[in-house]
Amino acid sequence: MSPSSLAPTPAATAAFLDNREQMDLLRFVTCGSVDDGKSTLVGRLLLDAGAVYDDQIGALLRDSEKHGTIGIGVDPALIFDGLEDERQQGITIDVAYRYFQTARRKFIIADCPGHQQYTRNMATAASTADLAIILVDARKGLLPQTLRHTFIVSLLGVRRVILAVNKMDHVNYDQAIFREICDAYSRFTAELKIPHVDYLPLSGLLGENVVRRSSKMPWRQGPSLLELLETCAVPGQETTGDFRFAVQRVNRPHAEFRGFSGTVAAGTIQVGETIVALPGRKYSTVQSIVSFDGALEKARAGMAVTLTLADEIDVSRGDMFARPVELPRVDRRAEAMLIWMSEQPLLPGRAYWLKHTARHTIAEIGAVRYRVDVNDLSRKQAATLQLNEIGRCQVLTRDPLVYDDYATNCDRHSKNVAPGRRSGAQLL
């Protein structure tokens, strides 16, 4: 049989590419305290799922001899810990992203650092995640950073969590230890109202319950980590919510065309509908919807389009389009839960830059209502917030903000939202 006869036909190639295009995408983030084994787990996941090429494995073997911590063979953590400082210190510093796919689904992994000083990196990665894997070292149980990361992912609208109790091989795969950790975590997350929490015992280093189900833990009947990731529900696109469209660019290539480009953050819009531009409250009608593929009659959430209007109204970058009967809030003050990420403490009354959709404005903290103790979620009196502290604050802005209530927005979008997106019209 000649090599040409083994080549796929154009029709088969087109079908294969179409199947890849139609696969849904799951974005997930790995969180937890330092040394809980996050990089090792996701490295093992990629290795055992066949998502690492042979030449990469050869390079990993050489790097493992130099930087590895497991003695012999490939150190899975080195797949993600690519910075020289990370390899020398054996810790994760920056967020590492990796794409892979299986026969069922496409994935984007964000492997986050566990050190408290890098919490800001973890929060950034979690802001676009559909699911969070929270790792716990079976020998140590729940640690303050475990709870902090869980609280942060709940604040950022992540509604599905997998508690991965790692290093079960170090506790002889003891079911009682696993059960004790799960019970403690269940009590903690009950107050956060995270809708979906799965509990999984595993060993990232040895691959137990990572891609294939483990025979070392017969007391646990259920899917492996990869099976969970392949089968869990992925939010779709929100088409029934209130229409929100933040103008990213005023598009004027010539004198005869003036459009407003951006991504539909929620809801749908169609030609002929009346919209209002906020905060200026100028009304017009959608004259046309232009996309990369040509003119459209209707656009839905997740689509990048350009809208042209029937009237020459004043619209600038950062303005928000909505329907007149579905208005968001427009105000210069708001209540917000803040994750403070600066080495310098938050100072009420001091001017800060606030970025909202595609615009910047000056903001200040009118007052700190309370600080949240991540260990028990109790509220503490506070006049300021220190690095990595979380608190509820009054935010005052120079220019009006156009926003929806964050909790309502996340509840709506957790049921049906474009993967990895939060509406541009919300304030945390």
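Which residues of S5 are buried on one side, and which on the other?

## Strand S5 and its two faces

In this predicted model, strand S5 spans residues 160-166, and 7 of its 7 residues are buried, so the strand is largely enclosed by the rest of the structure. The two faces of S5 are both covered: on one side Arg160, Ile162, Ala164 and Asn166 are buried, and on the other side Val161, Leu163 and Val165 are buried as well.

## The neighbouring strands

Strand S4, made of residues 131-137, pairs with S5 in the parallel sense over 6 bridges, and within this pairing alanine 132 stands opposite valine 161 of S5. To get from S4 to S5 the chain passes through helix H7, residues 144-155, in a β-α-β crossover that is right-handed.

S5 is also joined to S6 by 6 bridges, and these two strands run parallel. Here leucine 163 has tyrosine 199 in S6 as its bridge partner. The chain travels from S5 through H8 to S6, and this β-α-β crossover is right-handed.

## Aromatic pairs around helix H8

A pair of aromatic rings is described by the distance of the centres and the angle of the planes. The count in this structure comes to 8 aromatic pairs. One of them is formed by phenylalanine 178 and tryptophan 219, a tilted pair with 5.6 Å from centre to centre and 40° between the planes. This pair links distant parts of the chain, 41 residues apart, since phenylalanine 178 belongs to helix H8 (residues 175-190), while tryptophan 219 sits in the loop between strand S6 (196-201) and helix H9 (225-231). Phenylalanine 178 has a relative accessible area of 6% and is therefore buried, whereas tryptophan 219, at 25% relative accessibility, counts as partly exposed.

Tyrosine 185 and tyrosine 199 form another pair, with ring centres 6.4 Å apart and planes at 85°, so this pair is edge-to-face. Because tyrosine 185 lies in helix H8 and tyrosine 199 in strand S6, the pair ties together parts that are 14 residues apart in sequence. Tyrosine 185 has a relative accessible area of 0% and is therefore buried, while tyrosine 199 reaches 22% and is partly exposed. Tyrosine 199 thus appears in two contexts, as the bridge partner of leucine 163 and as the ring partner of tyrosine 185.

## A cluster of phenylalanines

Elsewhere in the sequence, ring pairs connect Phe243, Phe245, Phe260 and Phe321 into a cluster.

Note on methods:
Residues are numbered from 1 along each chain as its sequence is written. This is a predicted model: local features need pLDDT of at least 70, side-chain atom pairs count only at pLDDT 80 or more; totals for chains, interfaces and linings use all residues. Side-chain values use heavy atoms; hydrogens and water are left out. Rings of Phe, Tyr and Trp (its six-membered ring) pair if their centres lie within 6.5 Å; planes under 30 degrees apart count as stacked, over 60 as edge-to-face and the rest as tilted. Helices (H or I, at least four residues) and strands (E, at least two) are DSSP runs, numbered from the N terminus. Buried means under 20% relative accessible area, exposed over 50%, partly exposed in between (1.4 Å probe, protein chains only). Two strands pair if DSSP finds at least two bridges between them. A crossover is right-handed if, with the strands pointing away from the viewer, the path from the first strand over the helix to the second runs clockwise.
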